[in-house]
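Please open the model in your viewer and keep the sequence panel beside it, since this tour moves from one selection to the next. At each stop, make the selection first and then read what is there.

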Amino acid sequence: MLRELTHSELESFPSLDWSDISSRLTPQNRRSLESVLETQNGSDLSLEESYTLANSEGDDLLGLLVAANMLRAELAGNIVTYVVNRNINFTNICFVGCKFCAFSRGPREADAYFHSLDDMARKALEAWEMGATEVCIQGGLPRDLPRFYYRDILRAVKNAVPQMHIHAFSPMEIVYGVELTGMPLADYLSMLRDNGLSTLPGTAAEILDDEIRHILSANKHSTAQWIDVIRTAHRCGIRTTSTLMYGHTETPAHWVRQMRLLREIQSETGGFTEFVPLGFVHQNTLLFHQGLARTGPTLAEHLKIHALARVLLAGSINNLQVSWVKLNRQLSQLCLHAGANDYGGTLMEENISREAGATAGQYTSPEDFQSLILEIGRIPAERNTTYSRINIKLPLDEFSAEQALEAEFA
Ligand code: SF4
């Protein structure tokens, strides 16, 4: 019998073991979860089985959360990573008009801004001096952007700090850069790579379904264009993240189809470094005020999407990030119990979620990340953007004997 879980039942799921919950699951969900736990591979699930998991409620949902946490322990261990980075939104001027966005401004609005190349170089240098290994650069799309401006930003940053990892430009900005320059996509991406672009954020994905995309933003690139940019970037040796925005007009079936699409791309290219579910922050958006979207995700949805991603992406994309700017402190910790293994970046100056109404702040220091991670009994470690280097900063005597052993061999 399905029943809605109370907040306190949801919040206490981390104390459950598989043996406490497995006998209470419906037979199909139990079979699905046991099969992924055994093979550690989400590709074993059919579309129907995946839809059923995505619609889990009551004990089935608790079982999904517990199974995701077990899979996380197997696939990513007990280390929770973070990256020391600086977010730089080089302009908030944008003509696209996405209805879920409260960040963009018209060029004549009083608080419109546009950072010069010198500003970008200075911000990157400041970030480097504060210990950042990455700058994450994205912005609005202004109509009169100089044709090679994205390339020029890369040059300015690299001149100032040659060792900085530049994680920059959403697929939407890449589509715009191609339009501005008239270059073929692969040539354009290769030019950016040769001028210092290291990785690309897999943002601007929202929901990769054109009907939903049309509601969210009539002017944005299509699903096919997003896939094309990502596949081409991977083929050019530029790895990317992958994202999904949830809690607005979509259904769990959209989550399933998007995760399966990401698996398919990953099996061809191996280019995704991580998956990041991004909860819709509704307060200051047109989408919400026009009555087109619900009021952001519920607690059950936040937990479910992280757990579902861990299960469906198991064996394909094994790094699952919580977006601390969109979740609060306690909720991000709960999502780390529901399958996630990464806290994302320190950011230093987060703007986009804050403008939409998020209250988690603009910066989380490495020390704050370390405390949040230790509070949930896991091992904090700084990583680089591509997860190829992991550095445990705390002395091993801060950990239990078991954790210290895992930390030593990380
Ligand atoms: S999400 Fe990006 S492209 Fe859309 S309106 Fe906001 S700044 Fe512009």
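Begin by selecting V83, and then G345 in strand 8, because these two residues stand opposite each other. In this predicted model, V83 belongs to strand 1, which covers residues 79-83 and pairs with strand 8 in the parallel sense over 2 bridges. Now add helix 15, residues 329-337, which packs on the sheet and touches both strand 1 and strand 8, while its direction makes about 130 degrees with that of strand 8.

Next, widen the selection to the whole sheet, which is an open one of 4 strands in the order 8-1-9-10, with mixed pairing. Which strands stand at the edges? They are strand 8 (342-345) and strand 10 (390-391), and each has a single partner strand, so one side of each is left without a neighbour in the sheet. As background, the strands of a sheet pair through backbone hydrogen bonds, and they do so either parallel or antiparallel.

From here, move to another open sheet, in which 6 strands follow the order 2-3-4-5-6-7 and the pairing is parallel. The twist averages 25 degrees from one strand to the next. Strand 2 (85-89) and strand 7 (272-279) are the edge strands here, and since each has a single partner strand, one side of each is left without a neighbour in the sheet.

Within this sheet, select strand 4, residues 165-168, together with strand 5, residues 197-200, and you will find a parallel pair joined over 2 bridges. To look at one position in this pair, pick H167, whose bridge partner in strand 5 is T199. Then select helix 6, residues 117-129, which lies across strand 2 and strand 3 (134-138) and runs at about 165 degrees to strand 2.

Now turn to the ligand and ask which residues surround it. Select C94, V96, G97, C98, F100, C101, S104, G140 and K220, and you have the shell around the ligand. Sorted by class, this shell has 5 nonpolar, 3 polar and 1 charged residues.

The last stop concerns empty space, which is revealed by rolling a probe the size of a water molecule over the atoms. The structure holds 2 cavities of 30 Å³ or more, and the second largest of them contains about 30 Å³ of space. To see its lining, select F275, A309, R310, L313, I317, N319 and L320. These lining residues divide into 5 nonpolar, 1 polar and 1 charged.

Definitions and conventions: Residues are numbered from 1 along each chain as its sequence is written. This is a predicted model: local features need pLDDT of at least 70, side-chain atom pairs count only at pLDDT 80 or more; totals for chains, interfaces and linings use all residues. Side-chain values use heavy atoms; hydrogens and water are left out. A residue is near a molecule or strand if one of its heavy atoms lies within 4 Å of it. Ala, Val, Leu, Ile, Met, Phe, Trp, Tyr, Cys and Pro count as nonpolar, Asp, Glu, Lys and Arg as charged, and the others, Gly among them, as polar. Contact means heavy atoms within 4.5 Å. Axes are lines fitted to C-alpha atoms, for helices over the stretch in contact, and angles run from 0 to 180 degrees between N-to-C directions. On a 1 Å grid over the protein atoms alone, a cavity is a set of points where a 1.4 Å probe fits but cannot get out, and a pocket is an open set with protein on both sides within 12 Å along at least five of seven lines; lining residues have an atom within 4 Å of a point. Grid points are joined across faces, edges and corners, and a volume is the space filled by probe spheres set on the points.
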